[in-house]
Amino acid sequence: MSSKQLNMVQAINSTLDSFMARDDSIILLGEDIGKDGGVFRVTDGLQAKYGTERVIDTPLVELGIVGMAIGMAVSGLRPVPEIQFQDFIFTAFDQLVNQAAKMRYRSGGSYNVPMVLRTPYGGGIKGGLYHSQSGEAYFAHTAGLTVISPSNPYDAKGLLSASLKYNDPVIFLEPKRLYRSIKNDVPDEDYEVPIGKASLVHEGDDLTFVTYGSMVPLVLNTVSKNNLNADVIDLRTIMPYDGETILNSVKKTGKVIIVHEAPRTLGMGSEISAFIAERAIDYLMGPILRVTGPDTPFPYRLEDYYMPNETRILKAVRKLQEYR
Amino acid sequence: MDEKEMFVNAYRTMVLARTLDKKIVTAQRQGRVGFYTPTMGQEALQVGMSMALEKDDLIYEYYRDVPFMLHRGVPLETLIDQIMGNSMDNEKGRQMPSHYSAKEYNFMSVQSPVATNLPLAVGAGYAIKYRKKKNIVVTTFGDGSTSTPDFHAAMNMAAVFDLPVVFLCENNKWAISLPVEKQTKVEIWKKAEAYGMRGLKVDGNDLFAMYEVAKAEVEKTRNTGEPVLIEAVSYRMGPHSTSDDPSKYRTDTIPEGSEGDPIVIAEKKLKEKGYIDDAQIENIKNEAKELVDRKFEEREKVPPPKPESMFQDVYENPTWIIEEEKGDIL
Ligand SMILES: Cc1ncc(C[n+]2csc(CCOP(=O)(O)OP(=O)(O)O)c2C)c(N)n1
Ligand SMILES: [Mg+2]
C-alpha cells in the first residue's frame with residue numbers, strides 16, 4: 001500500500017483532483033480559486049488541469065456562489081463551492097438555511113442538493129474578528145445540513161471522499177490553523193471516513209475529552225505531556241454528532257471536558273453536555289466542563305487569550321480531579 | 001397546433017386558473033383552506049410565456065404562478081393537493097399553500113424568501129451550458145423582489161457567465177402594500193443594461209403581446225445562450241394574500257370583468273381574430289367551473305399526511321437524532 005506524507009492542504013487538493021478526474025459532474029466554484037489556486041492554495045493547479053468551466057473563478061458574491069451551486073446540484077452536478085473565509089458566509093446564510101437545507105424536505109424528496117461547501121474556519125492565525133470565526137453551531141442548528149470538520153490530513157481525505165458521495169449538503173469546515181501544521185501518512189488509494197462517526201484518538205479511564213477540528217492536536221498534546229489517563233474523542237462530524245461514542249466513554253470515565261474554539265454560550269459544548277446529562281447523569285462523577293472561546297468577538301492582538309490552551313484545559317482537569 | 005388552437009387553449013387555461021383562484025379564495029373564507037396568494041390579473045403574462053417554451057425547459061417559479069403551471073400541464077389535482085397539504089401533495093403537506101412543486105413538469109419547489117430562486121436558476125443555467133444542452137431556464141419573481149441582493153447576484157452572474165436564463169419579472173405594481181414607484185427609482189427592465197444583458201418591457205396584460213415578446217426572446221436566449229430580463233407589466237387585481245386587506249393602502253383597482261382585466265382583453269382579441277365566439281366563451285367558463293368544483297370536492301376527501309412523514313426527507317437517511325425525536329413525539 002503506497003502512501004505519502006501530506007499536510008491538510010495537500011490532502012484536500014489531491015482528493016479533489018482524484019474525484020474530478022473520474023467524475024465530470026464535480027465543479028469547483030469560488031473567489032480566486034482558479035488561476036490563483038485559492039488564498040490558501042487548496043485548489044492549486046486544478047484549473048490548469050480541468051479548465052475554467054470546472055474550476056470557476058466567480059464574481060465576489062457569496063450568496064451567488066452558494067445559490068448557483070444549489071441550482072447546479074439540483075440539476076445533476078456535484079458542486080464544491082468554496083467560501084474564502086467562513087466569516088464571509090453570512091450573506092449566503094439564507095441560501096444555506098432556506099434553500100440548501102430545506103430543498104429535500106420542502107419538495108417532498110423530489111429535489112436534493114449534493115453539494116460540499118468547503119470553507120476555512122477558526123482562529124490562531126492572527127486573523128482578527130473577520131478571519132477567525134468558528135460558526136459551526138449556526139450550521140449544526142439547521143435541520144438538513146451536515147457539518148464536518150477534520151483534524152488531520154488523513155481524516156480530511158476520508159471525510160471529503162465520503163462527502164463527495166453524499167446526497168445532501170455538507171458544510172466542510174477546514175481548520176485553517178492546521179492546514180500546514182500537521183503531516184500524516186495519507187494512503188494514495190481511495191478510502192472513506194464515515195460521516196457521523198467519531199474517532200477515539202486516545203484512550204484512558206479517568207476522563208473524557210470531547211473535541212474536534214483545531215482543538216484535537218491541542219488536547220492530545222496536553223494529554224500526553226501531562227500523562228492524563230483520558231479518552232479523547234475527535235467528533236469529525238459535528239452534526240450529526242456521534243452520541244454513541246460519547247456515551248460509551250462517559251459511562252466508563254464519569255468525567256467530561258468539552259473543548260472548542262467557538263464561544264461557549266450555545267456552542268456545540270452546550271448540546272453535548274445536555275445530551276450527556278439527559279442519558280448518563282447517573283454515571284457522572286463531576287460536572288460537565290467546557291473549555292471554549294469566550295463570548296466576545298475574536299480579538300486580533302489578544303487571540304492567545306481567546307483560544308483555549310493547555311493551561312485552561314489543565315485548570316478544568318484539576319477541578320474535576322477534586323471530585324472523587 | 002395551429003395558431004387559433006394555441007390561443008384558444010391559452011385562453012382556456014387563463015379561465016381555468018381564474019376559476020380555481022376564485023374557488024380557493026372562497027374556500028379560504030369558509031375555513032376549508034388555510035391561506036392563498038391569488039394570481040388574478042397575472043394570467044396573460046404567465047400563459048404567454050409558457051406558450052413560448054419547450055417541454056424540457058426548466059422553471060424556477062414563485063408563489064403566484066398557477067396559470068403558468070396549469071398551462072404546462074400540471075394537473076389541477078397537484079395544485080389543489082398542495083393547497084390542502086394532504087397526503088397526495090408532492091410536498092407531503094410540508095409547505096403552506098401556494099408553494100407548489102412539480103418535478104415531472106420541471107417546476108422547482110417554491111420557497112417563501114422572495115428572489116432566492118434566482119441564483120438557483122443561474123446554477124441550473126450553468127448546468128445546461130456545461131452539459132451543452134439546448135433547453136433554457138425561466139425564473140419568475142415580483143417587482144418587489146428586484147430590490148433584493150439575490151436579484152442583483154443572479155442578474156450579474158447570469159450575464160458574466162453567459163447563461164440561458166430568462167428573468168421574467170411579474171410587475172404587478174405592488175409588493176404587499178408598497179407600490180413599485182417606492183420600490184425602485186428606475187423602470188425594472190432598464191436594470192438589465194447595467195448587468196450587460198438584454199432587457200425589455202411588455203404589456204403583460206395582453207396575451208398576444210406577451211406571447212410575441214416571449215417567443216422572440218426565448219428563441220434568442222436559446223440560440224445565443226444569453227440571458228434576458230423581461231418586465232411584464234401587469235396588475236395584482238386581488239389582495240396580496242387571503243390575509244391581506246388592500247383597502248388599507250390603495251384605492252386604485254382593476255375590477256374583474258373590466259376593460260383592464262387580462263381575460264377581457266384576451267376575449268376581445270380572440271373575437272376580433274374570429275378564433276372564438278360568445279357561445280364558446282360561455283362554454284369554456286362553464287366547463288372550468290364544473291371541473292374546478294368537482295376536483296376541489298374530490299381532493300378535499302384526501303386524508304392528511306401520516307405523522308411519521310414529518311420525519312422523512314430531512315436527509316436521504318434519517319439521523320439517529322431525528323429517529324430518536326420521532327420516537328419521543330409519536
Ligand atoms: C426575503 C423576504 N422578505 C419578506 C417576505 C414577505 N413577503 C412575501 S411576499 C412580499 C412582497 C413581494 O412582492 P413582489 O416581489 O412584488 O411579488 P408579488 O407578491 O407582488 O407577486 C413580501 C414582503 C418574503 N417572503 N421574503
Ligand atoms: Mg408585486
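Reader: How many residues of chain B are in contact with chain A, and how many residues of chain A do they meet?

Author: Start with the contact count. Here 46 residues of chain B are in contact with 49 residues of chain A. Keep in mind that this is a predicted model.

Reader: What area do the two chains bury between them?

Author: Take the area next, then its chemistry. Chain B and chain A bury about 3,700 Å² between them. Of that area, 61% is on carbon and sulfur atoms.

Reader: And the charged pairs? How many salt bridges does the rule find across the interface?

Author: Two, between chain B and chain A. One pair to look at is Arg279(A) with Glu324(B). Their closest N and O atoms are 2.6 Å apart. A salt bridge needs the side-chain nitrogen within 4 Å of the carboxyl oxygen, so this pair qualifies.

Reader: How many residue pairs are in polar contact between the chains?

Author: The count is 20 residue pairs, with both residues at pLDDT 80 or more.

Reader: Which elements of chain B give two or more residues to the side that touches chain A?

Author: Four entries to find: strand S1 (58–60), helix H5 (117–130), helix H6 (149–160) and helix H12 (320–329), each of chain B. H5(B) gives the most to that side, with nine residues.

Reader: Now a strand. Is S7 of chain B mostly covered or mostly open?

Author: Check its residues one by one. S7(B) spans residues 228–233 and is mostly covered. Five of its six residues are buried.

Reader: Which strands pair with S7(B)?

Author: Look for bridges, then for direction. Strand S3 (residues 165–171) of chain B pairs with S7(B) in the parallel sense, over six bridges. Within that pairing, Cys169(B) has Glu231(B) as its bridge partner. Strand S6 (residues 198–203) of chain B also runs parallel to S7(B), and six bridges join them. There, Leu200(B) stands opposite Ile230(B).

Reader: How should I picture the side chains along a strand?

Author: In a regular strand they alternate between the two faces of the sheet.

Reader: What links S6(B) and S7(B) into a unit?

Author: Follow the chain through the helix. S6(B), helix H9 (residues 207–224) of chain B and S7(B) make a β-α-β unit. The unit is right-handed.

Reader: One residue to finish. Why does Gln47(A) count as buried?

Author: Compare its accessible area with the cut-off. Gln47(A) has a relative accessible area of 12%. Buried means under 20%, so Gln47(A) is buried.

Reader: Where does Gln47(A) lie, and what does Gln47(A) touch?

Author: Gln47(A) lies in helix H2 (residues 46–50) of chain A. Leaving out residues up to four places away in sequence, Gln47(A) touches Gly34(A), Lys35(A), Thr52(A), Val55(A) and Asp57(A).

How values were computed
Residues are numbered from 1 along each chain as its sequence is written. Chains are lettered from A and ligands numbered from 1 in the order in which they are written. This is a predicted model: local features need pLDDT of at least 70, side-chain atom pairs count only at pLDDT 80 or more; totals for chains, interfaces and linings use all residues. Side-chain values use heavy atoms; hydrogens and water are left out. Buried means under 20% relative accessible area, exposed over 50%, partly exposed in between (1.4 Å probe, protein chains only). Contact means heavy atoms within 4.5 Å. Two strands pair if DSSP finds at least two bridges between them. A crossover is right-handed if, with the strands pointing away from the viewer, the path from the first strand over the helix to the second runs clockwise. Buried area is the accessible area (1.4 Å probe) that two parts lose on being put together, summed over both. A polar contact is a pair of N or O atoms within 3.5 Å; within protein, one must be able to donate a hydrogen and the other to accept it, and residues adjacent in sequence count only if both atoms are side-chain atoms.
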